[in-house]
Amino acid sequence: MTRARPLVVRCGAFGDMVIVLSLVAALSRRFGAPVDVLTSGSWSLPLLEGQPGVGQVYVVGSRRTPYLLDPLQRRVVRGLRASGPRPAWICDTNAWAPRLLRRAGLGSDRVLLAASDCPILPGEHHVDRWLRFANLTPAAFEADRLDATTLAQWRAPPLTVPADARRELQDWLASRGLGAGRLVLVQAGNKRTMRWWAPRQRETNTKDWPIERWAAVIRSVLEEDPGTRVVLLGVPAEAAVNEEIRHAVQSPRVYNAATELPVTRLLALQSIASGMISVDTGPAHSAAALGCPLVVLFGDARIERYTPRSPTGLVEALQGPGDVRRRIE
């Protein structure tokens with residue numbers, strides 16, 4: 001039997017990378033070895049490193065950059081070539097990954113499996129699709145298949161928080177006056193909100209929800225418990241949206257953290273929060289995976305495929321009826 005360290009290729013958004021941890025953990029169990037991950041974006045490193053089943057994380061920058069002009073791609077190819085033959089599961093559908101793997105000597109169909117080998121089934125969640133994918137094996141390799149009971153333990157992505165991130169969070173909370181009382185998190189922004197060249201309320205931003213509605217929900221949360229504080233999440237590009245919401249609420253118990261959330265601090269914060277309210281976006285998936293009670297608002301999306309998975313089951317996914325479901329509003 002040929003055994004080798006598996007490779008997973010997934011260049012996705014934040015939520016995609018949380019979801020793929022289920023595939024990584026299942027493959028690690030099958031092959032009895034850590035699973036290396038090839039991905040893109042420097043933010044992937046703090047999210048993936050140290051997670052269950054994850055071995056080395058190979059990171060490239062823009063996949064649009066020509067290979068000869070990208071030292072990161074060349075470094076990844078050298079590392080993969082040095083590691084020798086290995087089975088690879090490619091979760092992306094474009095031609096970039098197979099082309100790069102061919103440069104690393106992993107181009108044979110006998111060592112590669114593509115997402116097209118495991119098409120998603122009607123009504124299937126993406127986590128369940130990747131768990132089916134984990135039980136497929138490239139022709140050149142062998143490994144025992146996992147039974148349904150074993151696979152079921154990863155129906156919620158196995159996301160963890162480093163101990164040093166938890167300690168750092170406590171210092172940050174104390175410095176911001178957030179160390180006492182319940183914390184409720186709000187993620188109002190999304191990748192479409194961050195497009196600076198187009199208005200947030202444009203027709204294509206189906207995940208936009210009016211500022212006054214966010215403010216009404218937050219006021220209700222604050223009225224429920226005088227000790228509760230609300231933390232507005234996001235990346236720096238979403239800070240302005242958060243400021244509009246904070247100004248509309250008019251409460252000192254609302255804190256805009258959009259410029260202060262590296263990945264590990266975000267995960268630590270979600271792991272201790274009393275709950276989170278979010279649009280359908282990446283941090284909703286990490287919150288659910290960490291067991292944070294979650295309400296997530298869906299617009300034009302396949303709710304059965306993308307509802308965040310939680311080990312506690314404390315996720316409420318909301319979507320309007322068919323005739324208006326295209327927009328969260």
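Me: Which residues point one way from β6, and which the other way?

Reply: Leu183, Leu185 and Gln187 point one way, and Val184 and Val186 the other. This is a predicted model, in which local features need pLDDT of at least 70, side-chain atom pairs count only at pLDDT 80 or more, and totals for chains, interfaces and linings use all residues. Residues are numbered from 1 along each chain as its sequence is written, and side-chain values use heavy atoms, with hydrogens and water left out.

Me: What makes β6 mostly covered?

Reply: 5 of its 5 residues are buried. Buried means under 20% relative accessible area, with exposed over 50% and partly exposed in between (1.4 Å probe, protein chains only). The residues on both sides of β6 meet that cut-off.

Me: How do you know that β6 is joined to β7?

Reply: Count the bridges. There are 4 between β6 (residues 183-187) and β7 (residues 229-232). Two strands pair if DSSP finds at least two bridges between them, so these two pair. They run parallel. In β7, leucine 232 is the bridge partner of valine 186. β6 is also joined to β9 by 4 bridges, again parallel. There, valine 184 has glycine 275 as its bridge partner.

Me: In what order do the 6 strands form an open sheet?

Reply: The order is β8-β7-β6-β9-β10-β11, with parallel pairing. Strands here are DSSP runs of E, at least two residues long, and helices are runs of H or I, at least four long, numbered from the N terminus.

Me: Why are β8 and β11 called edge strands?

Reply: β8 (254-256) and β11 (315-319) each pair on one side only. From strand to strand, the twist averages 15°.

Me: Which strands does helix α9 touch as it packs on the sheet?

Reply: Helix α9 (residues 211-224) touches β6, β7, β8, β9 (275-279) and β10 (294-298). Contact means heavy atoms within 4.5 Å. Its direction makes about 175° with that of β9. Helix α12 (residues 282-289) packs on this sheet too, touching β6, β9, β10 and β11. Its direction makes about 155° with that of β9.

Me: Why is α8 called roughly perpendicular to α11?

Reply: The axes of α8 (residues 163-175) and α11 (residues 263-272) cross at roughly 80° and come within 9 Å. Axes are lines fitted to C-alpha atoms, for helices over the stretch in contact, and angles run from 0 to 180 degrees between N-to-C directions. Under 35 degrees is roughly parallel, over 145 roughly antiparallel, 65 to 115 roughly perpendicular and the rest oblique. The crossing angle therefore makes α8 roughly perpendicular to α11. Trp172 of α8 and Ile272 of α11 are among the contact residues. The contact divides into 7 nonpolar, 2 polar and 3 charged residues.

Me: What puts the buried residues on the same side of α5?

Reply: They are Trp96, Ala97, Leu100 and Leu101. They cover an arc of only 125° around the axis, so they share one side of α5. The arc is that of the directions from the helix axis to the C-beta atoms. These residues pack against elements including β1 (7-9), β2 (35-40) and α4 (71-83). Just after α5, glycine 105 has a positive phi of about 80°.

Me: Which 5 strands form an open sheet?

Reply: They run β3-β2-β1-β4-β5, and the pairing is parallel. β3 and β5 are the edge strands. The twist averages 20° from one strand to the next. β1 and β4 are joined by 3 bridges. Valine 8 stands opposite tryptophan 89 in β4.

Notes
Ala, Val, Leu, Ile, Met, Phe, Trp, Tyr, Cys and Pro count as nonpolar, Asp, Glu, Lys and Arg as charged, and the others, Gly among them, as polar.
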